[in-house]
Amino acid sequence: MAPPTTPNIQTFETEEQVAVALAVYILHLSAKFIAANGSFSVVLSGGSLIDTLRKLLEPPYVDSIEWSKWSIFFLDERVVPLDHPDSNYKLAYDGFLSKVPIPESNIYPIKEKLSPSDAADEYEQRLKQLVANNTLRTSPHTGFAKFDLMLVGMGPEGHVASLFCWHFQRFEKKRWVTFITDSPKPPSERITFTFPLINSASEIAMVVTGEDAADAVNLALGKHASYGYPLPVQKVAPEGGLTWFLDMPATSELRKTEFGI
Ligand SMILES: O=C(O)[C@H](O)[C@@H](O)[C@H](O)[C@H](O)COP(=O)(O)O
């Protein structure tokens, strides 16, 4: 296991500025990985992240990216049909994927009409096949697939992907993809990448905006971060780079603790 890198914490006045900075960061990584490997594998979360990607759909970013080299995966997914309003694929398709020329064959939604357990098995097997045929690279440290970029959101109580406090999935060590049938955030049935897979990534962006996230941001990044039982977000410790993108409301509690205001 490679030692995790120190996070790069970037804070911005507004969510709009986070969206711009995220577009610049993604543009840079896309060019870097395509130059090095001829491809760029990106893992998307659900939630507000998809809207925060909106700057990528505008010039100069949209015209500067080699979209045909991108492949898209889902960090977690609700076990519902792909056209269901709760589907992360539908959210990503409507808000982002339908607006950029990523080949359909490079987009990897979950398979429909399976139980949560079977959907997780099927997605894991598909990832393993993509490693076997060299579409995805592997971490030499962990043997898990090594995605180029994971875009990760955080819930107000510190969950990431569908890995929640007080739910055993967060301790999974062997599986690449697992499932949950009692998710505290609806809908209850989901599949999710596990921490060993998440932490094998080359780059992770934690994209966290809004005041709802302020307590968990303070717990994760504040001076008492190492005290007590860690939140799921505190287990995000990739062998590659970790960059936090935060707006002012998300750092409001952190600023009180850090500066005693
Ligand atoms: O499918 C999901 O529910 C998500 O992948 C989930 O992990 C999300 O990223 C966080 O809950 C943050 O969501 P918000 O950005 O909307 O707060």
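**View 1. W166 on the surface of the predicted model.** In this predicted model, W166 is an exposed residue, with a relative accessible area of 69%. The residue is found in the loop between strand β7, which covers residues 149-152, and strand β8, which covers residues 177-180. W166 also has a phi angle near 65°, a positive value in a residue other than glycine. Together with F168, F171 and Y229, W166 forms a nonpolar patch on the surface, and these residues have about 560 Å² of accessible area together.

**View 2. K113, another residue with a positive phi angle.** The phi angle of K113 is near 65°, a positive value for a residue that is not glycine. K113 is placed in the loop between helix α4, residues 88-95, and helix α5, residues 116-132. With a relative accessibility of 86%, K113 counts as exposed, because the term applies to residues with over 50% relative accessible area.

**View 3. N218 in helix α7.** The helix that holds N218 is α7, which is made of residues 214-221. N218 has a relative accessible area of 18%, and therefore counts as buried, since that word is used for values under 20%. When residues up to four places away in sequence are not counted, N218 touches E253, L254 and T257.

**View 4. The ligand and the residues around it.** There are 14 residues around the ligand, and of these S48, D76, H159, A161 and K185 come nearest. An oxygen atom of the ligand is 2.7 Å from an N or O atom in the side chain of H159, and an oxygen atom of the ligand is 2.8 Å from an N or O atom in the side chain of N88. At G46 the partner belongs to the backbone: a polar backbone atom of this residue is 3.1 Å from an oxygen atom of the ligand. On its own the ligand has 420 Å² of accessible area, and the protein covers 87% of this area.

**View 5. The cis peptide bond between P59 and P60.** P59 and P60 are joined by a cis peptide bond, for which omega is about 0°. P60 itself is placed in the loop between helix α2, residues 49-52, and helix α3, residues 61-64.

**View 6. The cis peptide bond from P186 to P187.** The peptide bond that leads from P186 to P187 is cis, and its omega angle is near -5°. P187 is found in the loop between strand β8 and strand β9, the latter covering residues 190-193.

Conventions. Residues are numbered from 1 along each chain as its sequence is written. This is a predicted model: local features need pLDDT of at least 70, side-chain atom pairs count only at pLDDT 80 or more; totals for chains, interfaces and linings use all residues. Side-chain values use heavy atoms; hydrogens and water are left out. Patches are made of residues with over 30% relative accessible area and no salt bridge: like charges are joined within 9 Å, nonpolar side chains (Val, Leu, Ile, Met, Phe, Trp, Tyr) within 5 Å. Accessible areas come from the Shrake-Rupley method with a 1.4 Å probe; for residues, only the protein chains shown count as cover. A salt bridge is a side-chain nitrogen of Lys or Arg within 4 Å of a carboxyl oxygen of Asp or Glu. Helices (H or I, at least four residues) and strands (E, at least two) are DSSP runs, numbered from the N terminus. Buried means under 20% relative accessible area, exposed over 50%, partly exposed in between (1.4 Å probe, protein chains only). Contact means heavy atoms within 4.5 Å. A residue is near a molecule or strand if one of its heavy atoms lies within 4 Å of it. A polar contact is a pair of N or O atoms within 3.5 Å; within protein, one must be able to donate a hydrogen and the other to accept it, and residues adjacent in sequence count only if both atoms are side-chain atoms.
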